[in-house]
Amino acid sequence: MAPSDLLKRVVLEPDVRAEYLSTLLNVKVDPVTTADTIVIIIGAAVFGITALMIVFAWINIKYRPIRAKNMTWTTLMHISGILWFLGDIPSNGHVRLNGVWIICKLWVVWFRVLFCYIFASMHIVRFFALDRVFNQNKPFRGITNIIALVVVVVFNVLFCVISQVVSDEITVASLKDLELCNVTQHYRIAALVLQWVLWAGVAVLIFRLRNIQSSFNEFRESLALFIMAIIVLIETTVTNMAFLYYPLMLRHRLEKTLMDIIGANVMVWLIIGQPVYMCIFHRRRYETQWLEKLTRDGRKAAYDVSSGQGGTTAYVKMGERDASMLQNSHINFGSSDAIHTLNLGHGTNDYFDVAAMNPDGNTLTSPDAAAYSESNGIPLALRSNLQIRRPVLNTPTMFNVGYSDMNPDGRRVI
């Protein structure tokens with residue numbers, strides 16, 4: 001499609017423009033209507049609700065099931081989704097393309113394409129982090145985290161820089177008089193191929209993570225997330241290939257933007273929706289179950305579960321690499337630290353009551369005795385809810401199983 005030389009200096013009214021383009025392109029052209037505004041409002045509302053959920057998650061970042069979701073990358077993912085949606089508004093024709101909206105390369109390349117790619121890349125980094133910890137038994141923090149971020153930025157920005165410097169005639173052109181962004185077929189194909197490559201990378205990582213046996217196993221959530229992504233990607237591919245002028249057609253542009261809104265938000269909800277819901281409605285019970293599963297997963301060292309004021313677990317903080325090695329394990333209890341214990345079915349109270357124990361220190365005075373009291377905040381040095389057992393040769397200890405054993409009275413044996 002090329003602009004008409006006769007219209008280079010003519011400003012067309014919306015109805016006249018629609019009639020002219022319909023004749024020129026042999027498609028039914030719909031001017032911008034109230035429906036376009038409604039879609040923009042719906043998108044803003046949905047992204048706002050998801051943003052509130054992320055804010056709630058950050059406020060409760062000490063809640064371990066939420067902290068395990070790598071909120072930094074999840075937040076960056078959501079921000080990418082918002083900027084992707086912002087690029088959709090002019091690219092999909094929901095506003096009249098005049099003023100700043102007619103700078104087509106800005107919105108198509110640097111917002112829609114770039115942040116759509118970054119959104120997919122964030123999933124790659126997040127799954128790579130799990131793969132590195134659970135399959136490669138290596139930490140993912142510090143320099144590794146920085147390298148991942150740099151790779152994501154450089155890879156995606158490089159494509160957009162090339163798109164910017166290459167001639168508009170083979171990428172994206174602004175047709176000001178027609179209020180139209182012209183995206184060439186070759187550029188559409190190149191952009192779609194790269195998007196499919198990114199999600200293929202996500203598929204490979206999800207497959208590698210299928211057998212994680214721990215509280216970090218997200219295979220079902222990841223599979224649902226991937227299916228959602230593929231649905232959106234198929235819809236994007238079909239729309240761009242079958243309807244070259246879909247931004248001019250009301251039904252197709254509404255469908256395209258709504259699919260992007262749904263996909264970008266559902267994928268974030270699949271990641272942190274469950275722990276946020278459980279934090280609100282079943283906070284203590286869910287965290288208890290989550291931590292108990294963590295002790296049985298064979299990967300305890302992959303996640304530091306530490307005690308401290310405001311914590312809810314009697315577990316100790318383990319080293320990053322191999323919890324079976326004494327030199328890499330440590331207890332981060334200080335003499336002034338207060339430790340909370342799990343409610344393991346001995347009653348509704350949270351803290352251990354020494355008076356409920358027999359002189360041997362290992363059994364309750366009676367089956368119905370309450371083993372816990374409300375002595376909140378007692379320093380560890382003055383508490384008796386931990387039994388210290390001296391290691392005996394060939395006797396298993398916390399250092400070769402990862403965490404301490406459970407006594408019948410609910411105490412952890414270290």
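Modeller: Contact means heavy atoms within 4.5 Å, and the model discussed here is a predicted one.

Colleague: With that cut-off, what covers the buried residues of helix 1?

Modeller: The cover includes strand 2 (180-183). The buried residues in question are R17, A18, L21 and L25.

Colleague: Why are these residues placed on the same side of helix 1?

Modeller: R17, A18, L21 and L25 are the buried residues of helix 1. They cover an arc of only 100° around the axis, and therefore they lie on the same side of helix 1.

Colleague: Which exposed residues does the face turned away from the buried side of helix 1 carry?

Modeller: That face carries D15, E19 and T23.

Colleague: How do you know that the span of helix 1 is close to the expected one?

Modeller: Helix 1 runs over residues 14-25, which makes 12 residues. From its first C-alpha to its last it reaches 16 Å, and 16 Å is what 1.5 Å a residue leads one to expect.

Colleague: What makes the phi of N26 notable?

Modeller: The phi of N26 is near 60°, a positive value in a residue other than glycine. N26 comes just after helix 1, in the loop between helix 1 and helix 2 (34-59).

Colleague: Why is N26 called buried or exposed?

Modeller: The relative accessible area of N26 is 69%. Exposed means over 50%, and N26 is therefore exposed.

Colleague: Why does N70 count as buried, partly exposed or exposed?

Modeller: N70 has 24% relative accessibility. Buried requires under 20% and exposed over 50%, so N70, between the two, counts as partly exposed. N70 lies in the loop between helix 3 (64-67) and helix 4 (71-91), and its phi is also positive, near 55°.

Colleague: How many cavities of 30 Å³ or more are there, and what volume has the largest?

Modeller: The count comes to 4 cavities. The largest has a volume of about 520 Å³.

Colleague: Which residues lie nearest the centre of the largest cavity?

Modeller: Of its 37 lining residues, S91, R112, V183, N240 and Y246 lie nearest the centre. Elements that each supply at least two residues of this lining include helix 4, helix 5 (104-134), strand 2 and helix 7 (185-208). Helix 8 (219-242) and helix 9 (250-281) also each supply at least two.

Colleague: What is the mean pLDDT of the protein chain?

Modeller: The mean is 76, and 67% of the residues reach 70 or more. Over residues 370-392 the pLDDT stays under 50, although the model has 71 contacts beyond four places in sequence for them. Residues 394-404 are also below 50, with 27 contacts beyond near neighbours in sequence.

Note on methods:
Residues numbered from 1 in each chain as written. Predicted model: local features only at pLDDT ≥ 70, side-chain atom pairs only at ≥ 80, totals over all residues. Heavy atoms only, no water. Helix = DSSP H or I, 4+ residues; strand = E, 2+ residues; numbered from the N terminus. Expected span 1.5 Å × (residues − 1). Buried < 20%, exposed > 50% of the residue type's maximum accessible area, 1.4 Å probe, protein only. Arc of directions from axis to C-beta. pLDDT = per-residue confidence, 0-100. 1 Å grid on protein atoms, 1.4 Å probe; cavity = no way out; pocket = protein on both sides within 12 Å on 5 of 7 lines; lining within 4 Å. Points joined across faces, edges and corners; volume = space filled by probe spheres on them.
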